[in-house]
Amino acid sequence: MLKIYSLKLMSIRQYNGSLEVKTLNLRFPNPLILAAGILGLTAPSLKRAVDSGAGGVVTKSVGLKPREGFPNPTIVDLGFGLVNSMGLPNPGLQAFVEELEELEGLEAPLILSIYAFSEEELATMGRMISELKTVSAVELNVSCPHVGGVSEIGKSPELVKSYVKTLKESLNDKPVLVKLTPDVSDILLIAKAAVDGGADALTAINTVKSMVIDVETGRPVLAGVFGGLSGPAIKPIALRCVYEIVEALDIPVFGCGGVETARDVIEFIMAGAVAVQMGSAIARRGLRVFREISTELKKFMEFRGFKSLGEIRGLAHKK
Ligand code: DHB
C-alpha cells in the first residue's frame, strides 16, 4: 500500500525543468549570479558571463570618481579561500556608463554595484543611474572591509538607513540591494536598518576582513595590509547570516560567500536565499562553473522530485 502511494506521489511531484527565479520584478533564468568584483568591469566580460550561463551579473563596484586602487600585491590564494585587497579600482561612474550602454539586450538582469564616500556623492550617482535602461537593479556596497570611508558605513545602522534612503530617493524606482558585512556583532541590526531605509533586497555577505603575514619578511603580504576573505572558508558564516536574516525579516536575500557546488546552492536556498552570487569559484575554476552547477542542480531536483526551487526555499526554517 505504502509503495503504491509513494509512487503516485513521485509522479505528481515532477520537476518542471526550470531553475527560473522571479524577484524584484525581475526574471533570473537561474539562481547563479556573478558576484561583484570578478569580471565585472567591462561589457564583453559581463556578456561572456551571461553567455556562459549566469542567471544574472553584478558589476565591480564603481564610485562617482575614478580610483586607481591599491598597488600589488592585491590578492593571496590560501587554498581554502582568497584574500583580496584591490582598493576599489574603477573608472568612475561616467566612464562606466558608456561601458554599460553596450549591454543592451542582455539576456539576464544586470545589477550595478556602487559605493560612495558621502550621501551627496550617492545622490548624484543615483540620479545618473536612474536614466540607465540597461541597469535592472543597484547593489549598494557599504561593506568593502579595507577601504576607509566605505567600511564604516556598513557597521553603523544609522548610516546604513540614511544611505539607503538617499539612494532610493534618487533612483526613481530601480530596486536596491544592500550588501552586508559579516564583520559586526549583530548582522540583524544592520539588515533591519537597510530595510527601514527602503532596501528592496539584501546580499549576505561581503568578504570578511582579514590579513596575511609573510614570515620571511615579517611584513603584511598585501600592500593594503587588510583584505577581504572569500571562498569556501566563509560559506558557513554566509549561510548563518542568510538564515538569521530570513528568520527575522521579510525581504529577498541573495546568498554570497563560498558557493562552489550545487550542494552549496541548495544549502543557501534551504536557508531561504532567493538566489546566490558567486565570485571566488569563478576566479578559481572559470565561467564553466555556471553551466556545471545548473546541470547538477537540475539533477538534484529531478532525483528528489522537487517541482521547483520554490519548494526547497526556506526548508531549513520549518519546525
Ligand atoms: C574589494 C572590495 C570589496 O567589497 C571586497 O569585498 C573585497 C575587495 C576591493 O576592491 O578591494
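**Ligand, salt bridge and odd backbone spots**

Author: In this predicted model, the ligand takes up the space of the largest pocket.

Reader: What makes Lys60, Gly87, His146, Asn206 and Thr207 stand out around the ligand?

Author: There are 13 residues around the ligand, and those five come nearest. To be counted as near, a residue needs a heavy atom within 4 Å of the ligand.

Reader: Why is the pair of Thr207 and the ligand called a polar contact?

Author: The cut-off is 3.5 Å between N or O atoms. A polar side-chain atom of Thr207 sits 2.6 Å from a ligand oxygen atom, so the pair passes. His146 also uses a polar side-chain atom, at 2.7 Å from an oxygen atom of the ligand. With Gly87 the backbone does the job: an N or O atom there lies 2.7 Å from a ligand oxygen. As for cover, the ligand taken alone exposes 300 Å², and the protein buries 93% of that.

Reader: How do the residues of the shell divide into nonpolar, polar and charged?

Author: Five are nonpolar, seven polar and one charged. Keep in mind that Gly goes with the polar group here, so Gly87 is counted there.

Reader: Why is Lys235 with Glu267 called a salt bridge?

Author: The rule asks for a side-chain nitrogen of Lys or Arg within 4 Å of a carboxyl oxygen of Asp or Glu. Here the closest N and O atoms are 2.7 Å apart, so the label fits. This pair links distant parts of the chain, 32 residues apart: Lys235 belongs to helix α7 (residues 235-248) and Glu267 to helix α8 (residues 262-270). By that rule the count comes to twelve salt bridges.

Reader: How do you know which peptide bonds are cis?

Author: Look at omega. From Asn72 to Pro73 omega is near -5 degrees, and from Ala204 to Ile205 omega is near 15 degrees. Both bonds are cis. Pro73 is in the loop between β4 (56-58) and β5 (75-77), while Ile205 is in the loop between β10 (201-204) and β11 (208-210).

Reader: What makes Leu24 worth a look?

Author: Phi of Leu24 is near 55 degrees, a positive value in a residue other than glycine. Most residues other than glycine have a negative phi. You'll find Leu24 in the loop between β1 (21-23) and β2 (26-28).

Definitions and conventions:
Residues are numbered from 1 along each chain as its sequence is written. This is a predicted model: local features need pLDDT of at least 70, side-chain atom pairs count only at pLDDT 80 or more; totals for chains, interfaces and linings use all residues. Side-chain values use heavy atoms; hydrogens and water are left out. A polar contact is a pair of N or O atoms within 3.5 Å; within protein, one must be able to donate a hydrogen and the other to accept it, and residues adjacent in sequence count only if both atoms are side-chain atoms. Accessible areas come from the Shrake-Rupley method with a 1.4 Å probe; for residues, only the protein chains shown count as cover. On a 1 Å grid over the protein atoms alone, a cavity is a set of points where a 1.4 Å probe fits but cannot get out, and a pocket is an open set with protein on both sides within 12 Å along at least five of seven lines; lining residues have an atom within 4 Å of a point. A molecule sits in a cavity or pocket if more than half of its atoms lie within 2 Å of its grid points. Helices (H or I, at least four residues) and strands (E, at least two) are DSSP runs, numbered from the N terminus.
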